[in-house]
Amino acid sequence: MAKYPESPKFSHALISGRDFVTRISKFGGQPAGTFNEQRNRQITFPIGTFTLLYKNLLVADRNTVYAWWRNYHGAYGDSTGVNFHFFDQALRGWYGEYMGRGTGNALTLDFPGKTLTNDATLIVYEDDVAQVKDTDFTFVSGGGTEGADQATWIVGHYPAVGAMITCSFNGYLRIKARFAEDGWSEEVPTVNGAGVLVYNFQTKLQELQW
Amino acid sequence: MRSLPAEIFYPIGGTGEILKEATFQRHLFKLVVGMVTYYWTDCDQPIWFDGKYWTPYGIEFSDLSYSLDQSVASCQLTIPNVNNAFSDLSLSVDLRNKAFTIYRVWLTNYLGVIGCTDERDLPVVFDGVIDSLPNSDREIARVNLVSFGVAGGVTTPRRTIDAACSWIRIGGFKGPYCTYAGAGAWCDGSKARCVELKNELFFGGWEEIATLQNQNIYWCRKQKFWGKK
């Protein structure tokens with residue numbers, strides 16, 4: 001899986017929505033939040049869309065993004081339908097992100113991010129139980145796919161088969177994504193102060209489950 | 001249908017009611033096609049349960065229909081079919097009369113199944129066979145299920161004296177009451193199938209029931225037709 005072009009930079013990444021889904025029943029015409037309310041959680045991890053705004057790109061940079069969109073056939077994926085990874089451009093805190101499942105054997109998993117701050121904010125969980133860094137696992141900076149950081153479990157501390165491995169961290173989030181829509185649209189290019197045509201457009205990425 | 005796992009009961013009152021106002025509740029689906037068993041879930045991540053992963057598959061079901069009258073318990077599923085995987089499956093093998101079970105599970109935050117460690121412990125939402133596959137298209141496959149009882153001509157679920165084996169619904173095939181542990185992969189609850197599996201000692205139905213149907217009631221050794229010839 002390739003990663004979405006990190007150059008050109010988008011001017012702003014708008015997380016327009018990262019949602020859980022909860023089914024809520026209300027009875028007796030009472031308002032939400034009353035005793036009669038029942039809630040049922042529908043999904044395990046929130047799913048979001050990232051809208052990337054590109055401003056004043058030179059034609060070569062615009063072509064890079066367009067070529068990427070064309071190569072991924074809109075919402076479909078590459079020639080075999082495979083999607084891509086996207087790294088956020090802002091360092092932020094992320095909590096309860098999916099890493100993988102235990103196998104009962106030796107295990108190395110990529111974090112869903114890179115350039116993670118290797119301090120107390122970096123926590124790995126096995127079935128919601130925090131693991132101890134350098135006792136249960138070791139942190140590997142940048143050893144994973146497309147530069148993702150990794151965790152390698154230490155002998156005798158391998159996660160049980162089927163165990164849910166999640167993590168919290170500060171860093172650049174990595175998501176599995178596709179284009180949210182099939183279409184490509186852009187504004188009519190304008191001329192900047194140097195008399196060069198510049199391009200403005202946006203792309204919208206749909207986060208996918210790992 | 002089994003009772004709910006103790007963990008989701010009201011922990012203080014112990015009344016057995018679901019008083020917890022929020023649950024993480026999903027379903028497990030099992031389709032048995034010959035020697036192949038498919039394990040699916042409508043959760044967004046695989047659920048590790050009973051020694052295997054139950055794979056996410058966007059199945060929805062609706063129109064569960066139970067009744068005390070003579071109608072057959074039924075249920076309709078919708079299954080994603082954009083990649084035609086279900087079409088391929090249904091074209092490669094006759095899915096009719098294949099066992100399909102829907103279980104309800106209550107999940108922890110990390111997708112552990114609360115209160116159950118074994119498939120036989122799971123609350124059963126529907127236990128039956130595929131009846132028909134109507135109106136499937138390029139996006140959605142539809143599957144109609146009917147109760148196992150349709151083979152025995154009985155209505156389920158209800159507690160009654162059935163000609164078909166009750167253990168199918170109570171503990172399930174190969175369950176603690178069925179006790180069968182051989183290589184057979186399916187059972188329709190009939191006495192004939194039980195004989196095939198050499199498990200008739202544990203057959204959980206009352207086969208004489210069928211012979212009593214539509215019989216006249218009389219109190220003598222021999223039925224007499226007073227005033228009739």
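The following paragraphs lead through a predicted model, from the build of chain A to its contact with chain B, a histidine in a loop, and the cysteines of chain B.

Chain A is a convenient place to begin. Its secondary structure consists of one helix and 15 strands. Taken along the principal axes, the C-alpha atoms of this chain fill a box of roughly 60 × 55 × 35 Å. Of the 210 residues in chain A, 43% are buried. The contacts within the chain often link distant parts of the sequence: among those between residues at least 6 apart, 76% join residues at least 24 apart.

The next topic is the meeting of the two chains. Chain A brings 19 residues to the contact, and chain B brings 17 residues. Together the chains bury an area of about 1,800 Å², and carbon and sulfur atoms give 40% of that area. Three arginines stand out on the side of chain A: A:R39, A:R41 and A:R101 supply 31% of the area that chain A buries against chain B, more than any other three residues. Turning to the strands of chain A, β3 and β6 (92-101) each supply at least two residues of the side that touches chain B. Strand β3(A) gives the most to that side, with four residues. Between the two chains there are zero salt bridges, whereas nine residue pairs are in polar contact, counting pairs with both residues at pLDDT 80 or more.

Strand β3(A) also belongs to a sheet that includes a strand from each chain. Strands of a sheet pair through backbone hydrogen bonds, in a parallel or an antiparallel manner. Here an open sheet of three strands runs in the order β2(A)-β3(A)-β1(B), and its pairing is mixed. The edges are formed by β2 (22-25) of chain A and β1 (22-23) of chain B, each of which pairs on one side only. Strand β3 of chain A, residues 38-41, pairs with β1(B) in the parallel sense over two bridges. Within this pairing, A:R39 has B:A22 as its bridge partner in β1(B). A:R39 is thus named twice in this account, as it is also among the three residues noted above for buried area.

Attention now moves to A:H73, which lies in the loop between α1 (59-71) and β5 (84-87) of chain A. With a relative accessible area of 36%, A:H73 is partly exposed. Its side chain reaches the backbone oxygen of A:N71 at 3.1 Å, and a polar atom of that side chain lies 2.8 Å from the backbone oxygen of A:G77. Beyond its neighbours within four places in sequence, A:H73 is in contact with A:D78, A:S79 and A:D182. The fold also places A:H73 and A:R178, which are 105 residues apart along the chain, with their C-alpha atoms separated by 9.7 Å.

The cysteines form the last topic. A disulfide is a covalent bond between the sulfur atoms of two cysteines. Over all chains, the structure holds zero disulfides. B:C178 is in no disulfide, and the nearest cysteine sulfur, that of B:C187, is 6.4 Å away. Why does B:C187 not bond to B:C194? The sulfur of B:C194 is the closest cysteine sulfur to that of B:C187, yet at 6.1 Å it is too far for a bond, since a disulfide requires sulfur atoms within 2.5 Å. Both B:C178, at 9% relative accessibility, and B:C187, with a relative accessible area of 10%, count as buried because the cut-off is under 20%.

Note on methods: Residues are numbered from 1 along each chain as its sequence is written. Chains are lettered from A and ligands numbered from 1 in the order in which they are written. This is a predicted model: local features need pLDDT of at least 70, side-chain atom pairs count only at pLDDT 80 or more; totals for chains, interfaces and linings use all residues. Side-chain values use heavy atoms; hydrogens and water are left out. Buried means under 20% relative accessible area, exposed over 50%, partly exposed in between (1.4 Å probe, protein chains only). Two strands pair if DSSP finds at least two bridges between them. Contact means heavy atoms within 4.5 Å. Buried area is the accessible area (1.4 Å probe) that two parts lose on being put together, summed over both. A salt bridge is a side-chain nitrogen of Lys or Arg within 4 Å of a carboxyl oxygen of Asp or Glu. A polar contact is a pair of N or O atoms within 3.5 Å; within protein, one must be able to donate a hydrogen and the other to accept it, and residues adjacent in sequence count only if both atoms are side-chain atoms.
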